[in-house]
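Grab a pencil and work through these exercises with the structure in view. Each one has a task and then a solution in steps.

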Amino acid sequence: MNAPTERHSLPDSVVIVLFGATGDLAGRMVLPAIHEVHSRGLMPAHWRLIGCAADQLDDEGFRDRVAASLDGSGTGRPADWETVRSSLRYCGGTFSAEDPGNLPRTLAEVREELVAESGGEPLVLHFLAVPPVAFTPIARGLGAHGLADGARVVFEKPYGTSLESFEELDAAVKEVLDEEQIFRIDHFLGKEGVQTIYVLRFANQLFGSEWSRASVDQVQIDVPEDLDVANRIAFYEATGAALDMIVTHLFQVAGQVAMEPPTDLRDPASVIAAREAVLRAFRPLNPVEDVVLGQFEGYRDIEGAAPDSTQDTFAAVRLWVDTERWRGVPFLLRTGKRMARKTQRITLVLKPPFGPLADKLDAPNTIEICFSGDGEIQLGITVKTPGPDLSYSSGKAVLELDDVPGGDPISPYASLIHDALIGDRSLYTTAEGLRAAFAAFAPLQGPERPDPVPYEPGSWGPEEARRLAAPHRWMLGE
Ligand SMILES: NC(=O)C1=CN([C@@H]2O[C@H](COP(=O)(O)OP(=O)(O)OC[C@H]3O[C@@H](n4cnc5c(N)ncnc54)[C@H](OP(=O)(O)O)[C@@H]3O)[C@@H](O)[C@H]2O)C=CC1
Ligand SMILES: O=C1O[C@H](COP(=O)(O)O)[C@@H](O)[C@H](O)[C@H]1O
């Protein structure tokens, strides 16, 4: 999240049109994030939110639902709830190119109110928290009814499920919107721990000087989850772990780790260019040598799963980044459901030292960035074991980001929504970047895709994945 700059500043007023306002994502993530942006004073002075979905609710019915979502999400309602409540409107029914329903009228009314309050035209931010099949019809509807002009549009993931479907979707969306109007969300890029990578690296010679193949043996980006998939089985049967997590989230995190220094961290174009350049350097995956897929035992017994399903619930891949900085350094990405624990961590495993202690140490030095929750930096170092003898102990030096003086961690969705409000796309994926990510992932969607290996629920996944991390091991566990 960048601070507003001259080029990126908060508008005086905004209308957020939330498509999919009655859905799970809207209730659990988007509405609480809008509350957070508002409560932190990061919203424009004058704002309204129009919820859209098929259900025929009136404004009061929608306001009650938002209250219930906020209560249920743990954030509670904002201190000025009665004012916020009156900023919420609802527009039920259909919306498409053929049938605009009530949205143009509702939006015109709200616009008029905001012009009267603030004296200027409001920004219109459409947020598409809807299934991907609705992206194109809604985009076409926005175009057909004149609701796209000057607007910004946030698209949820997945924005495409293959290189081909991505190209098809993007071409349809671009008939209506320019790239600068499109905000493709990947909430991993909004996490505090992921955003801190730049600063850790570029503000500290200690890290910046080590950030290359000269010092790094391998990079691990590890996102095990203990979650089940029973409540999302239809989505999971259609998607699987690799497509759900690797191509979208973990490739983008790898891009943040591997990019060359942007010329200006406050200039989104320069940050985006650096990330896109490194994504283009991702070598297409080799499914035979560099990928292990897994499926937890019992998955096929879940109601809704095919009895012979070959869907993956675990994926470990070895990615090669063909830049001079990272030549020969494997980027190991791992994720899965029903694994031993839930955490999210980047580990740079450093080469062993030269000199008298070469070959004498049990554990490599590590630079670790934990990006779950508020984020944490850990350094794996070796010291003399305190005592009379000369022996060595490995330990961790830890900095929790919420302990940083003046720090007040922001949630990923709130951070990204604020960026969309100020027009900063640095932490949003671009067409060029996603195209490169899908191209690198494509071999895993072809005939060489390996069959998933069974693994025990509560474990670290199939043992086969160990070979990818050799000569080291998966640092979180295996
Ligand atoms: N839930 C989550 O944790 C996450 C979800 N996402 C993404 O967010 C998006 C929404 O997911 P989620 O909220 O879980 O889904 P839900 O099924 O819970 O909600 C979908 C919402 O979209 C509306 N909707 C459904 N079909 C259409 C359509 N064809 N046209 C217009 N509106 C439609 C629904 O209302 P109605 O049908 O009544 O109009 C509902 O309000 C998806 O793209 C998903 O991949 C991403 C990350 C996490
Ligand atoms: O997008 C997704 O992300 C979640 C993990 O999100 P987080 O907020 O816990 O970091 C993942 O469980 C889900 O499968 C995926 O669709």
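**Warm-up.** Which residue is the bridge partner of Phe-19 in β2? The partner in β2 is Cys-52.

Before you go on, some ground rules. Residues are numbered from 1 along each chain as its sequence is written, and chains are lettered from A and ligands numbered from 1 in the order in which they are written. This is a predicted model, in which local features need pLDDT of at least 70, side-chain atom pairs count only at pLDDT 80 or more, and totals for chains, interfaces and linings use all residues. Helices (H or I, at least four residues) and strands (E, at least two) are DSSP runs, numbered from the N terminus.

**Exercise 1. Work out the six-stranded sheet.**

Step 1: pair up two strands. β1 (residues 13-19) and β2 (residues 46-53) run parallel and share seven bridges; two strands count as paired if DSSP finds at least two bridges between them. Besides the Phe-19 and Cys-52 bridge, Val-14 has Trp-47 in β2 as its partner.

Step 2: put the strands in order. The sheet is open, pairs in parallel, and reads β3-β2-β1-β4-β5-β6. The edge strands are β3 (88-92) and β6; each has a single partner strand, so one side of each has no neighbour in the sheet. Ignoring direction, neighbouring strands are turned by 20° against each other on average.

Step 3: look for a helix on the sheet. Helix α4 (residues 103-118) packs there, touching β1, β2 and β3, and its direction makes about 170° with that of β2. Such angles run from 0 to 180 degrees between N-to-C directions, with axes as lines fitted to C-alpha atoms, for helices over the stretch in contact.

**Exercise 2. Decide how enclosed β2 is.**

Step 1: fix the cut-offs. A residue is buried if 20 or more other C-beta atoms lie within 10 Å of its own, exposed if 12 or fewer, and partly exposed in between, with C-beta atoms placed from the backbone.

Step 2: go through the strand. Eight of the eight residues of β2 are buried, so the strand is largely enclosed by the rest of the structure.

Step 3: split them by face. His-46, Arg-48, Ile-50 and Cys-52 are buried on one side, and Trp-47, Leu-49, Gly-51 and Ala-53 are buried on the other.

**Exercise 3. Find the two sides of helix α6.**

Step 1: check the length. The 12 residues of α6 (residues 163-174) should span 16 Å at 1.5 Å a residue, and the end C-alpha atoms are indeed 16 Å apart. The expected span is 1.5 Å times one less than the number of residues.

Step 2: list the buried residues. In α6 these include Phe-166, Leu-169 and Val-173. They sit on the same side of the helix, because they cover an arc of only 70° around the axis; the arc is that of the directions from the helix axis to the C-beta atoms.

Step 3: turn to the other side. Glu-164 and Ala-171 are exposed there.

Step 4: see what the buried residues pack against. Their partners are α5 (135-144), β6 (182-184) and α12 (431-441), where contact means C-beta atoms, placed from the backbone, within 7 Å.

**Exercise 4. Trace the nine-stranded sheet.**

Step 1: write down the order. This open sheet has mixed pairing and reads β14-β13-β12-β11-β7-β10-β9-β8-β15. β14 (392-400) and β15 (453-455) are the edges, each with a single partner strand, so one side of each is left free of a neighbour in the sheet.

Step 2: check some pairs. β9 (residues 314-320) and β10 run antiparallel over seven bridges, and Leu-319 has Phe-331 in β10 as its partner. β12 (residues 366-370) and β13 (residues 376-384) are antiparallel too, joined by five bridges.

Step 3: inspect the hairpin. Five residues lie between β12 and β13, and Gly-373 takes a positive phi near 55°.

**Exercise 5. Place two annotated residues.**

Step 1: read the record. The unreviewed UniProt entry has a "binding site" annotation on residues including Asp-244 and Lys-337; positions use the numbering here, feature names are shortened, and annotations may be inferred rather than shown by experiment.

Step 2: locate Asp-244. Asp-244 lies in helix α9 (residues 233-258) and is buried, with 23 other C-beta atoms within 10 Å.

Step 3: locate Lys-337. Lys-337 lies in the loop between β10 (330-336) and β11 (345-350), and counts as buried because 26 C-beta neighbours fall inside 10 Å. Beyond four places in sequence, its contacts include Glu-225, Ala-241 and Thr-313.

Definitions and conventions
Contact = placed C-beta atoms within 7 Å.
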